[in-house]
Amino acid sequence: MKKHIFTVKDIVRITGVTARTLHYYDKIDLLKPIRLSNNGYRAYSREDLESLRTILFFKEMDISLKEISDIMQLSKQEQLQILKIHDQTLIEKQQRLGAIISDLEDYVSGKDIFNLNIFNNSPILPLSEQYSREAKMVFGETEKYKEYEKNIEKLSDKEKENLYDEFANNMESVFKKLAEQIHKLPSSKDIQKLIVEWKNYMEQNMTCDTEILKCIANTYKSDKRWKNYINQFSDEDLSGFVYRAIMYYCKTIR
């Protein structure tokens, strides 16, 4: 039986890859044609076509061309061992992608970015940790913050996680209550009662004097991230309302 030879045009028709891809694979020595004529025409054997299919399969598995080049030099058994390892990598990527999709759906539905787990299992620090470090830079020199750090250091990782979750839930709860009564004056008895509740949550791990409270109030008002977080609970300017309520509280306490 006569050995069949394929042109670049034939390979393109059979596989759907572009001529440019075949030329590039030739250039990087990933798939060399069996013959290259003087006028530049490439010729491929049926074995080359099978090798190309294997290359395309590996590429579809999200393996780099450099890795594919190395794998193609291995025996079939060795290739299978490599693919078993890669299979686990793909499973981890699938789980990661699932988490990203979930976070994206939460964000589109209105959940604040602060409450997303987008940077978990990533070289980028989780958002809660980023905000914690930012707070240390802003308030770290105050005695109250040093007191907070000492209290936190006594906790286990699990206790810290539970504390942060409880704090987030408490903040969400009090902001929703404030949103329900945003039509009232910030100085009203009901609003000030909620500010005291908010302050009690803040003071679970550190004492908040008027200086700290005013700093937090100004952050709520001026920091875009906090404004977006707080305003998600109301169609009105809830962050500005909370700012005015906290500032009024600071003026009245002794």
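**Asp48, helix 3 and beyond**

Leaving aside residues up to four places away in sequence, Asp48 touches Leu31, Lys32, Pro33, Ile34 and Ala43. The model is predicted. Asp48 is found in helix 3. Its relative accessibility is 12%, so Asp48 counts as buried; the cut-off for buried is under 20%.

Now take helix 3 as a whole. Helix 3 covers residues 46-60, which is 15 residues. At 1.5 Å a residue, helix 3 should span 21 Å. The C-alpha atoms at its ends are 21 Å apart, so the expected span and the model agree.

Asp48 has company in the buried set of helix 3. The set also holds Leu49, Leu52, Ile55 and Phe58. What do the buried residues of helix 3 pack against? Two of the partners are strands: strand 1 (6-7) and strand 3 (42-44). The others are helix 1 (8-15), helix 2 (19-27), helix 4 (65-71) and helix 5 (76-108). Just after helix 3 comes Asp62, with a positive phi of about 70 degrees.

Move further along the chain to Leu155. This residue is found in the loop between helix 7 (143-153) and helix 8 (157-180). Is Leu155 buried or partly exposed? Its relative accessibility is 26%, so Leu155 counts as partly exposed. Buried would need a value under 20%. Not counting residues up to four places away in sequence, Leu155 touches Lys160 and Leu163.

Next comes a pair of helices. Helix 9 (residues 189-202) packs with helix 10 (residues 210-222) at an angle of about 105 degrees. The two axes are 12 Å apart. That angle makes helix 9 roughly perpendicular to helix 10, because angles of 65 to 115 degrees count as roughly perpendicular. Which residues make the contact? Helix 9 supplies Trp198, Lys199 and Met202. Helix 10 supplies Leu213, Ile216 and Tyr220. Five of the contact residues are nonpolar, one is charged and none is polar.

Finally, step back to the protein chain. Its secondary structure comes to 12 helices and three strands. The chain has 254 residues, and 31% of them count as buried. Consider the contacts with a separation of 6 or more. Of these, 54% come from residues 24 or more positions apart. The accessible surface of the chain comes to about 16900 Å². Carbon and sulfur atoms account for 52% of that surface.

Key:
Residues numbered from 1 in each chain as written. Predicted model: local features only at pLDDT ≥ 70, side-chain atom pairs only at ≥ 80, totals over all residues. Heavy atoms only, no water. Axes fitted to C-alpha atoms, helices over the stretch in contact; angles between N-to-C directions. Helix = DSSP H or I, 4+ residues; strand = E, 2+ residues; numbered from the N terminus. Parallel < 35°, antiparallel > 145°, perpendicular 65-115°, else oblique. Contact = heavy atoms within 4.5 Å. Nonpolar A, V, L, I, M, F, W, Y, C, P; charged D, E, K, R; others polar. Expected span 1.5 Å × (residues − 1). Buried < 20%, exposed > 50% of the residue type's maximum accessible area, 1.4 Å probe, protein only. Areas by Shrake-Rupley, 256 points an atom, 1.4 Å probe, with all protein chains shown as cover.
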